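Biologist: Thanks for sitting down with me. Could you walk me through this model?
Modeller: Happy to, let's have it on the screen.

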Amino acid sequence: MNRRTTRALAVALTLVSGAALAGCSTDSTPELKVSGAFMPQPVADMAGGFLTITNDGDTADKLTSVTSPIADDVTIHETKDQKMQEVKSFDIPAHGELKLERGGNHIMLMGLKVKPKQGENVSIELHFEKADPITVDLPVEAATHNPKQH
């Protein structure tokens, strides 16, 4: 083999082995999707948001915050022993889901700038530790709306 052929072969082997190593990487990204989103029509200057985030990826993630143009104060809460408390984040396991539902973990929008009415949509943006933000339209439902549990 001449020097040019040897060098071309070395470059080709480096590229192939680099591609093989990249394919074996365990640092994948979460694959998040949102379903079942809704907001009961608020009766005061605050409202709750409910939805399910499903992670079809091999990597866990965390919901770290939520923002919305209709409220400057949007927080995430857990309910333990029938008491609501603010939390910094919610885990979203790999190949699992995070359910935000009435009587459980949920989003709180406080100091509403406008009171949305049934039939309207409220935009929120979900922020995660690893995944890109997801914008979700929450359909405003009746104040007593509670989807059937499966």
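Modeller: A word on terms before we start: helices are DSSP runs of H or I with at least four residues, strands are runs of E with at least two, and both are numbered from the N terminus. Please keep in mind that this is a predicted model.

Biologist: In which loop is Glu31 found?
Modeller: Two elements frame this residue, the helix α1 (3–23) and the strand β1 (32–40). Glu31 is found in the loop between α1 and β1.

Biologist: Is Glu31 buried, partly exposed or exposed?
Modeller: Buried would need under 20% relative accessible area, and exposed would need over 50%. Glu31 has a relative accessibility of 48%, so this residue counts as partly exposed.

Biologist: Leaving aside neighbours within four places in sequence, which residues is Glu31 in contact with?
Modeller: One of them is 26 residues away in sequence, yet 4.6 Å away in space from C-alpha to C-alpha: that is Gly57. With neighbours within four places left out, the contacts of Glu31 are Thr54, Asn55, Asp56 and Gly57.

Biologist: How many helices and strands does the chain have?
Modeller: Along the sequence the pattern reads α-β-β-β-β-β-β-β-β-β-β. That comes to 1 helix and 10 strands.

Biologist: In β7, what is the bridge partner of Thr52?
Modeller: Strands β2 and β7 pair in the antiparallel sense, over 5 bridges. Strand β7 (residues 96–100) has a covered face with Gly96, Leu98 and Leu100, while Glu97 and Lys99 form the uncovered one. The β7 partner of Thr52 is on that uncovered face: Lys99.

Biologist: Which strand gives the largest share of the largest nonpolar core?
Modeller: This core has 28 residues, and those touching the most other members are Leu51, Ile53, Leu63, Ile107, Leu109, Ile124 and Leu126. The largest share of the core is 4 residues, and they come from strand β9 (residues 121–128).

Biologist: Which residues does Ile107 touch, not counting those up to four places away in sequence?
Modeller: Ile107 is among the core residues that touch the most other members. Its partners, on that count, are Ala47, Gly48, Gly49, Leu51, Val66, Val74, Thr75, Ile76, Leu100, Ile124 and Leu126.

Biologist: What volume does the second largest pocket have?
Modeller: Its lining has 9 nonpolar, 2 polar and 1 charged residues. Strand β2 (residues 46–55) gives the largest share of that lining, 4 residues. The volume of this pocket is about 160 Å³.

Note on methods. Residues numbered from 1 in each chain as written. Predicted model: local features only at pLDDT ≥ 70, side-chain atom pairs only at ≥ 80, totals over all residues. Heavy atoms only, no water. 1 Å grid on protein atoms, 1.4 Å probe; cavity = no way out; pocket = protein on both sides within 12 Å on 5 of 7 lines; lining within 4 Å. Points joined across faces, edges and corners; volume = space filled by probe spheres on them. Nonpolar A, V, L, I, M, F, W, Y, C, P; charged D, E, K, R; others polar. Core = buried A, V, L, I, M, F, W, Y, C linked by side-chain atoms within 4.5 Å. Buried < 20%, exposed > 50% of the residue type's maximum accessible area, 1.4 Å probe, protein only. Contact = heavy atoms within 4.5 Å. Pairing = 2+ DSSP bridges.
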